[in-house]
Amino acid sequence: MTTFLDYLLGGLGSGAIIALMALSLVLIWRSTRVVNFAQVGQAMFTTFIALSIQTWTGSWFIALVGALAAGALLGVIIQYLVLRPVKRNDTSGAIIATFGVLIALQAAAGMIWPGGSQAFPQPFNNAGIEFAGRVWPISVYDFVVIGITALLVLGLTLLFTKTSLGLSMRAAAFNPEVAKLSGVRVSRVLTFGWALAGSVGAVAGVLVAPVSTISPNSFDILLVYAFTVAVIGGLDSLIGAISIGVFTGLVISLVSGYSDSGNAPIVALLLLALNLILKPEGVFSHHKARSV
Amino acid sequence: MLTITELSVNYGAVQALSNVSIEVPKGEVTAVIGANGAGKSTLMRALSGLVKPGSGTATVGGVTITGRKPEDIVRLGVALVPEGRSTIPELTVEENLRLGGLWRDKAARNATQVQVFDLFPVLAERRSMRADTLSGGERQQLAIGRALMSEPRVLLLDEPSLGLAPLIVTQILELVSRLATESNLAVLLVEQNAVTALRVATTGVVLNLGKVVMVGSGSEIASDEQLRNAYLGY
């Protein structure tokens, strides 16, 4: 029983990171009906930028803020250069274009930051906390990760429910025509959505880098998890991305603990398959059905 | 207030609207009637910027609106209530209303919202409920309320009677005509339901296959039997 609880605790940090990555996919899906497969590429790229800033300034905090800004900028650039020229209503074209962006970003990163996997300096203590006479499988860094994730989720919730910009974003996502007729500048709102998703993904990248390493392909597995989570959560639900994200983190930790960490992606895909059979519209979706 | 001059719209090779000229004065309801496919909705979409007209102009108080984007046209004081109760079901009643005037400053927006709630008390009662819990008539009121939130000088109403019970249609149209008089609003009403539309309209315009075939007072058109038989089918 203690082992079980330990495995659960140990999965919280990675669950939060997967949730953030899924959140960035959901943010774009909601407003444009496109799954942005380039998202992990963007996060990888901005994490390399963060690493450069960290090496240069020695400050993890400045690196995090830099990644946030770079993520927003990169999101806007990709939307302008790649997604806007793709014909409207050509959803499959747009999705394939995002794959192209992913490959281009990975190739570019390999050229700009050569030398394979690099370590990202550990900003906080990542050793298990000692408390009440034992070592717990959760570190100060895990708390930082969970705290930043919670803050971001709170901020996004306030943005969507309390501000005019958030209302514009929701209206533009649900019914762009009515939004335009109401005076919402829909294309600007969509661009802002790409910036926002880029920033959220960038944070996920900076948070995961110290516990893995950073290379052009090191976040690929994160894409598998985040995509799984976003689909199971219903693709348009922020709550879905967060709760299923954390849940998946726990499942991965349990599977890795009781068997082997190599089995974790297989279990995640099994969860995805199960979801598509039993509840194809997703657990938290607004929509009644979705064809698979 | 709204002057439409020789407006034409083409969908590919099909001319949906050809050389339509209509004058919509303020303080009155002007009704455009005609059968299905006469070009009524096309006219509304062209005026609100959702489709680009091929030629011709529309001006509001002297300012040209044709060729502009929908989000700019609404800022110039032209608000469309599209066909089919165009509320956003996932948003609450109050969010749907707020959406209608988001770009305006908060004080002005709130003042208008109070007026809309006076006009449609049921919306005030249901303000925090999702729009998809409303009845058809209530949703039409919400759609009109959303358009009013932009404090328009010209209100475009596309088939407000669609799918509503006759009694509710009468109530809504009477309210619209009162609104036109009291707020000095220019209302352009597009309707397939000619009888009801002509009852509240000062001027009627008959549209057939994209062309204006007759302009006259509401009662004049309603009593023209030949015209009714030829174009309106009742």
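This passage describes selected helices, surface patches, backbone angles and residue pairs in a predicted model with chains A and B.

Helix H2 of chain A, which runs over residues 39-57, was examined for its length and its cover. With 19 residues at 1.5 Å a residue, this helix should span 27 Å, and the distance of 26 Å between its end C-alpha atoms agrees with that expectation. The expected figure is 27 Å because the rise of 1.5 Å is multiplied by one less than the number of residues. H2(A) is mostly covered, in that 14 of its 19 residues are buried. Just after this helix, Gly58(A) adopts a positive phi of about 75°.

Positive phi values also occur at two residues that are not glycine. Most residues other than glycine have a negative phi. Ala132(A), although not a glycine, has a positive phi of about 50°, and its place is the loop between strand S1 (128-131) and strand S2 (134-139) of chain A. The relative accessibility of Ala132(A) is 67%, so that Ala132(A) counts as exposed, the cut-off for this class being over 50%. In chain B, the phi of Glu6(B) is likewise positive, with a value near 45°; Glu6(B), however, belongs to a strand, namely S1 (residues 2-11) of chain B. With a relative accessible area of 48%, Glu6(B) is partly exposed.

Two patches were found on the surface, one charged and one nonpolar. The patch of positive charge gathers residues from both chains, with Arg84(A) and Arg188(A) from chain A and Lys52(B) and Lys69(B) from chain B. Of these residues, Lys69(B) is located in the loop that connects strand S5 (63-64) to helix H2 (70-75) of chain B, and Lys69(B) is partly exposed, its relative accessible area being 49%. The nonpolar patch consists of Leu73(A), Ile77(A), Tyr80(A) and Leu81(A), which together present about 430 Å² of accessible area. Tyr80(A), one of the members of this patch, is part of helix H3 (residues 60-83) of chain A. The relative accessible area of Tyr80(A) is 44%, which places this residue in the partly exposed class.

Charged side chains are also found in pairs. Side chains of opposite charge can pair when their charged atoms come close. Over all chains, the structure holds 11 salt bridges, and three of them are described here. In the pair formed by Arg134(A) and Asp6(A), the closest N and O atoms are 2.7 Å apart. Because Arg134(A) lies in strand S2 of chain A and Asp6(A) in helix H1 (residues 2-32) of chain A, this pair ties together parts that are 128 residues apart in sequence. The two partners fall into separate classes of exposure, since Arg134(A) is partly exposed at a relative accessible area of 26%, whereas Asp6(A) is buried at 18%.

A salt bridge in chain B joins the side chains of Glu94(B) and Arg127(B), with an N to O distance of 2.9 Å. Glu94(B) belongs to helix H3 (residues 93-99) of chain B, while Arg127(B) lies in the loop between helix H5 (121-125) and helix H6 (136-148) of that chain, so the pair ties together parts that are 33 residues apart in sequence. Glu94(B) counts as partly exposed at 23% relative accessibility, and Arg127(B) is partly exposed as well, with a relative accessible area of 34%. Back in chain A, Glu281(A) forms a salt bridge with Lys279(A), and the closest N and O atoms of this pair are 2.9 Å apart. Glu281(A) counts as buried at 16% relative accessibility, whereas Lys279(A) is partly exposed with a relative accessible area of 34%.

Distances between C-alpha atoms were also considered for two further pairs in chain A. Ile138(A), which has its place in strand S2 of chain A, is buried with a relative accessible area of 6%. Ile138(A) and Gly13(A) are separated by 125 residues in sequence, and their C-alpha atoms are 8.0 Å apart in space. Ala264(A), found in helix H11 (residues 264-278) of chain A, is buried with a relative accessible area of 2%. Between Ala264(A) and Tyr225(A), the separation is 39 residues in sequence and 9.6 Å in space, C-alpha to C-alpha.

Notes. Residues are numbered from 1 along each chain as its sequence is written. Chains are lettered from A and ligands numbered from 1 in the order in which they are written. This is a predicted model: local features need pLDDT of at least 70, side-chain atom pairs count only at pLDDT 80 or more; totals for chains, interfaces and linings use all residues. Side-chain values use heavy atoms; hydrogens and water are left out. Patches are made of residues with over 30% relative accessible area and no salt bridge: like charges are joined within 9 Å, nonpolar side chains (Val, Leu, Ile, Met, Phe, Trp, Tyr) within 5 Å. Accessible areas come from the Shrake-Rupley method with a 1.4 Å probe; for residues, only the protein chains shown count as cover. A salt bridge is a side-chain nitrogen of Lys or Arg within 4 Å of a carboxyl oxygen of Asp or Glu. Lys and Arg count as positive and Asp and Glu as negative; His and the chain ends are not counted. The place of a charge is taken as NZ of Lys, CZ of Arg, CG of Asp or CD of Glu. Helices (H or I, at least four residues) and strands (E, at least two) are DSSP runs, numbered from the N terminus. Buried means under 20% relative accessible area, exposed over 50%, partly exposed in between (1.4 Å probe, protein chains only).
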